Amino acid sequence: MFRGFVLIIFSAMLFVDATSYARSTTTSSGRSYHKYYSGVVQSSSNEGIVVNDRNFLYSANVKIKAHEKRNNTFREVAGNMNEVRSGAHVVLKVEGSNIYEIIIERWKQ
């Protein structure tokens, strides 16, 4: 009976320790989580773009990629800032209102 009690206490201590470790590793980075936002570019400038009536600002190191469709397969290739213009279909990787990645969907145009 004493062994069973010790085993229950020990397993409870391990569970509490494991859950506190998981919580501390996910919040220790200090960054918020990113989201993906899809839409059509309404306007663009040197500071940011407007997609579906929402304003987004470019981060310092924004990555630009393009998705193409060739022979019924999708490929990801390097994109160009000149392609981010009014009417372009894009997917944005954002945190708050800051853009960290732009994916231009060439196959939709």
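Two rings of Phe, Tyr or Trp (for Trp, the six-membered ring) count as an aromatic pair if their centres lie within 6.5 Å; planes under 30 degrees apart are called stacked, over 60 edge-to-face, and the rest tilted. Keep that in mind as you work through this predicted model.

**Exercise 1. Get your bearings in the fold.**
Describe the order of secondary structure elements along the chain.

*Solution.* Begin with the inventory: the chain has 1 helix and 6 strands. Then read along the sequence, and the pattern is α-β-β-β-β-β-β. For a view of the contacts, take those with a separation of 6 or more: 53% of them join residues 24 or more positions apart. To finish, look at burial: 24% of the 109 residues count as buried.

**Exercise 2. Classify the aromatic pairs.**
Find out how many aromatic pairs the structure holds, and classify each by its geometry.

*Solution.* The structure holds 2 aromatic pairs. Take tyrosine 37 and phenylalanine 56 to start with: their centres are 5.2 Å apart and their planes make an angle of 50°. That angle is neither under 30 nor over 60 degrees, so the pair is tilted. Next, place the residues: tyrosine 37 belongs to strand E1 (residues 35–44) and phenylalanine 56 to strand E3 (residues 54–70), so the pair ties together parts 19 residues apart in sequence. Phenylalanine 56 is buried, at 1% relative accessibility.

Now turn to phenylalanine 74 and tryptophan 107, with 5.1 Å centre to centre and 75° between the planes. Because 75° is over 60 degrees, this pair is edge-to-face. Phenylalanine 74 sits in strand E4 (residues 73–78) and tryptophan 107 in the segment after E6, so the pair links distant parts of the chain, 33 residues apart. As for accessibility, phenylalanine 74 is exposed at 51%, while tryptophan 107 is partly exposed at 37%.

**Exercise 3. Look over the face of a ring.**
Identify the residue that lies over the face of tyrosine 37.

*Solution.* Go back to the ring of tyrosine 37 and look along its normal. Arginine 54 lies over the face, at 4.9 Å from the ring centre.

**Exercise 4. Map the surroundings of glutamate 105.**
Decide whether glutamate 105 is buried or exposed, and list what surrounds it.

*Solution.* Locate the residue: glutamate 105 is in strand E6 (residues 98–105). Its relative accessible area is 9%, which is under 20%, so glutamate 105 is buried. Setting aside neighbours within four places in sequence, glutamate 105 is in contact with His67, His89, Val90 and Val91. Finally, check for side-chain partners: glutamate 105 makes a polar contact with the side chain of lysine 108, at 3.2 Å.

Conventions:
Residues are numbered from 1 along each chain as its sequence is written. This is a predicted model: local features need pLDDT of at least 70, side-chain atom pairs count only at pLDDT 80 or more; totals for chains, interfaces and linings use all residues. Side-chain values use heavy atoms; hydrogens and water are left out. Helices (H or I, at least four residues) and strands (E, at least two) are DSSP runs, numbered from the N terminus. Buried means under 20% relative accessible area, exposed over 50%, partly exposed in between (1.4 Å probe, protein chains only). Contact means heavy atoms within 4.5 Å. A polar contact is a pair of N or O atoms within 3.5 Å; within protein, one must be able to donate a hydrogen and the other to accept it, and residues adjacent in sequence count only if both atoms are side-chain atoms. A charge sits over a ring if NZ of Lys or CZ of Arg is within 6 Å of the ring centre and within 35 degrees of the ring normal.
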